[in-house]
There are 2 protein chains.
Amino acid sequence: MTTVTIKDVAAAAGVSVGTASRVLSGNPATSAASRERVAAAVERLDFHPNAQARSLRSARTHTIGLLVSDVRNPFFADLAHSVEQAALAHGYVILLGNANEREDQQDRYLNTLISQRVDGIIVAPQGDGSGAIRSLLNRRIPTIFVDRTVEGINLPSVTTDSGHGIRQAVEHLAGQSHTRIGYIAGPQTISTGRERFTAYTKAVADNFLSQDPSLVYFGDFQAASGSSGVDALLRLDQPPTAILAADSPMAVGAVAMLHRMDVRIGADIALVAFDDIEWFALLNPALSVISHSVENMGRAAVELLLQVIDGGTPESVVLPSELIVRASSSTPNPAGSVSSLRKN
Amino acid sequence: MTTVTIKDVAAAAGVSVGTASRVLSGNPATSAASRERVAAAVERLDFHPNAQARSLRSARTHTIGLLVSDVRNPFFADLAHSVEQAALAHGYVILLGNANEREDQQDRYLNTLISQRVDGIIVAPQGDGSGAIRSLLNRRIPTIFVDRTVEGINLPSVTTDSGHGIRQAVEHLAGQSHTRIGYIAGPQTISTGRERFTAYTKAVADNFLSQDPSLVYFGDFQAASGSSGVDALLRLDQPPTAILAADSPMAVGAVAMLHRMDVRIGADIALVAFDDIEWFALLNPALSVISHSVENMGRAAVELLLQVIDGGTPESVVLPSELIVRASSSTPNPAGSVSSLRKN
DNA sequence: CTGAAAGCGCTTACAG
DNA sequence: CTGAAAGCGCTTACAG
């Protein structure tokens, strides 16, 4: 690697290192002549300032750490994209880490991000806050939670009011005369898992639907558990006539398993997914979803974090969720469909 | 932000900064006593070494830049994931940049990555190599291309032999008595766009199928152009009976438009997509695809880059592609289906 | 407006 | 095995 430093630039421009530095950082205390000569030297030498050295002095890296739970989950891929775009607009670069829904990988990345001296961190957290998240708090590193929160840790956050969408979904299904709504829940160690499950439980009770506990299958927010969930629910003596999946990967797993079992979505069983993934609308029948704006979530997260970095103490943001009804749940529950479901 | 430095650790441990540093970096020239006391101090003070300062001295950041073309394209999300996992296994962290299929954003990120002094860069390139990619070469920064290459720039690369899969797809469709195969091409400014188009052209000729140039629609690898492509192809006086899309986002757009036009995939028209995205198998009918292993691509990319970083000059890797036939293309072309396609 | 110099937090020969 | 010191590439008061 050939290395061009500010010293080379200064020499080529015939000015001191200090002057070169001032020109580079846009300090007004520079003459037009110096500005010109330094600019020319930068151009000619193809100089790229060393960000490490720069931030070592100025304590700002213009770098934001983003820790998502699972990059391959389209929701988080979209979130990464929107956070990145918002950050870019403010002159920040994103360092992306992927926890893979595992606390140990989260801790590893968090420690790396601390060592990289990012100016702040946006995290969709795993676990109970006993690990590296403690270090973030101890060091008072500007941090905000996105999508999820950790109980007992008081940081600004951008989350979705998922309860509203879940309630709408249950009411919608009740309106189609479904009385046994299966629920593929997220892990109860994660705030969104808990919140959505609580909303389901309450909505089912409020609508006088079956509260049979075997209608709930606890998954882990990943695709495979959506498949197992469908399998378990459809083996019940009284299987549900509708299923609600608490996130999109589990919905994908559910769809795959229903196909494998030859159960027709929208006819034999109704299906609703949390998270609005582009191609859910392209399935045949199209999938009803509980939608929330990942665009707004990313933008709000960056804005909140920048406020914290600037020493502010912003209020948390809660974004709405909304049911979008499509064909997968718009056929009323046909009488007798329950017993006609084949079990293999 | 509270800051703990190696000086604090040294003081707390009662050793010099040099000794503390040696313990931290695993230098064997340390006594068991020092190791213990330093470790205890690190623990007690929750010390995280400043990666900036460290790399300023040692010229290694243990950081790899990854520039993908479009994070929201599941192919690149999967690639990011596999590169990340492979890098993690070698003690490297990934700095992810997203070009959004735009050369100016690519240049911006590339300059940032250079300034961050990443140890190497893995890039799925945009453009003709006139921009920031030049700086990479000038500075001899270890760089490899992944998925795509740039003509005239001789860097190690990991690519897919997409020709093989395309040929298989065309032969497969020819075997179903399709004679007019529409092709939604990628941009001819991108190597994969060119390679796949060339393979289509040759396969069509070799199989004595229609070489009508209006059967080719030039898209931009993004979803919207897949929709326009379907629209344009189906408006032809003699529309194709099968369509091949050169990447997955365009295939998504194609599926969406076919739904909108009420053209039944697998019955009215056959459809095959390049890239094997998990949920393509979940569509109804399931989508035939040309599959290539993003897992292997990511791993090979990291391995190649590490060799370059270590001063080696590795051979480029070309991975295979393979047709996977599913329901979207397995009904033979029904006689007369051409004219029965409605045009709106 | 400019130059000389200190210092950010580390690592690493150099002596001992 | 250890300490003192130089230096990585910048920025930023401090004089002038």
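1. A crossing of two helices is called right-handed if the near helix is turned clockwise from the far one by less than a right angle, and left-handed if the turn is anticlockwise. With that in mind, and remembering throughout that this is a predicted model, a reader new to the structure may begin in chain B, where α5(B) passes α12(B) in a right-handed crossing. Helix α5 of chain B covers residues 74-89 and helix α12 of chain B covers residues 294-309, and the two pack at an angle of about 45° with their axes 8 Å apart. That angle makes α5(B) oblique to α12(B).

2. The residues behind this packing can be traced on both helices. From α5(B) come B:F75, B:D78, B:L79, B:S82, B:V83, B:A86 and B:A87, and they meet B:V294, B:E295, B:M297, B:G298, B:R299, B:A301 and B:V302 in α12(B). Sorted by class, the contact of α5(B) with α12(B) has nine nonpolar, two polar and three charged residues.

3. A second helix pair in chain B is formed by α1 (residues 6-13) and α3 (residues 32-45), which pack at an angle of about 125°, again with a stated distance of 8 Å between their axes. The helices α1(B) and α3(B) are therefore oblique to each other, and α1(B) passes α3(B) in a right-handed crossing. Here B:D8, B:V9, B:A12 and B:A13 of α1(B) meet B:R37, B:V38, B:A41, B:V42, B:R44 and B:L45 of α3(B), and the residues of this contact divide into seven nonpolar, no polar and three charged.

4. In chain A, the pair to look at is helix α10 (residues 223-234) and α11(A), whose axes come within 6 Å and cross at roughly 50°. It follows that α10(A) and α11(A) are oblique to each other, and the crossing in which α10(A) passes α11(A) is right-handed. On the side of α10(A) the contact is made by residues including A:A223, A:G226, A:V230 and A:D231, while α11(A) contributes, among them, A:P249, A:M250, A:G253 and A:L258. By class, the contact of α10(A) with α11(A) has eleven nonpolar, five polar and one charged residues.

5. How are chains A and B related to each other? A rotation of 180°, with 0.0 Å of shift along its axis, superposes chain A on chain B with an RMSD of 0.1 Å. The two copies are thus related as by a two-fold rotation axis.

6. The contact between the chains takes 44 residues from chain A and 44 residues from chain B. On the side of chain A that touches chain B, at least two residues each are supplied by α4, α5 (74-89), β2 (93-98), α6 (103-115), α7 (133-138) and α11 (248-260) of chain A, and the largest share, six residues, comes from α5(A). This side of chain A has 21 nonpolar, 15 polar and eight charged residues. Because 100% of the interface residues of chain A are also interface residues in chain B, the copies meet through the same surface.

7. Two DNA strands can be examined in turn. Around DNA strand C there are 29 residues, of which A:S16, A:G18, B:I6, B:S21 and B:A53 are the closest. Both chains take part in the surface near DNA strand C, with α2 (17-24), α3 (32-45) and α4 (51-58) of chain A and α2 (17-24) and α4 (51-58) of chain B each supplying at least two residues. That surface is made up of twelve nonpolar, 13 polar and four charged residues.

8. For DNA strand D, the nearest of the 29 surrounding residues are A:I6, A:S21, A:A53, B:G18 and B:S31. At least two residues each of the surface near DNA strand D come from α2 and α4 of chain A and from α2, α3 and α4 of chain B. By class, the surface near DNA strand D divides into twelve nonpolar, 13 polar and four charged residues.

9. Some details of the backbone also deserve a careful look. The peptide bond from A:N284 to A:P285 is cis, with omega near 0°, and A:P285 lies in the loop between β9 (270-274) and β10 (288-291) of chain A. In chain B, the peptide bond from B:N284 to B:P285 is cis with omega near 5°, and B:P285 lies in the loop between β9 and β10 of chain B.

10. Finally, A:H62 has a positive phi of about 55° although it is not a glycine. This residue, A:H62, is found in the loop between α4 and β1 (63-68) of chain A.

Technical notes:
Residues numbered from 1 in each chain as written. Chains lettered and ligands numbered in written order. Predicted model: local features only at pLDDT ≥ 70, side-chain atom pairs only at ≥ 80, totals over all residues. Axes fitted to C-alpha atoms, helices over the stretch in contact; angles between N-to-C directions. Helix = DSSP H or I, 4+ residues; strand = E, 2+ residues; numbered from the N terminus. Parallel < 35°, antiparallel > 145°, perpendicular 65-115°, else oblique. Contact = placed C-beta atoms within 7 Å. Nonpolar A, V, L, I, M, F, W, Y, C, P; charged D, E, K, R; others polar. Near = placed C-beta within 6 Å. Least-squares fit on C-alpha atoms with pLDDT ≥ 70 in both.
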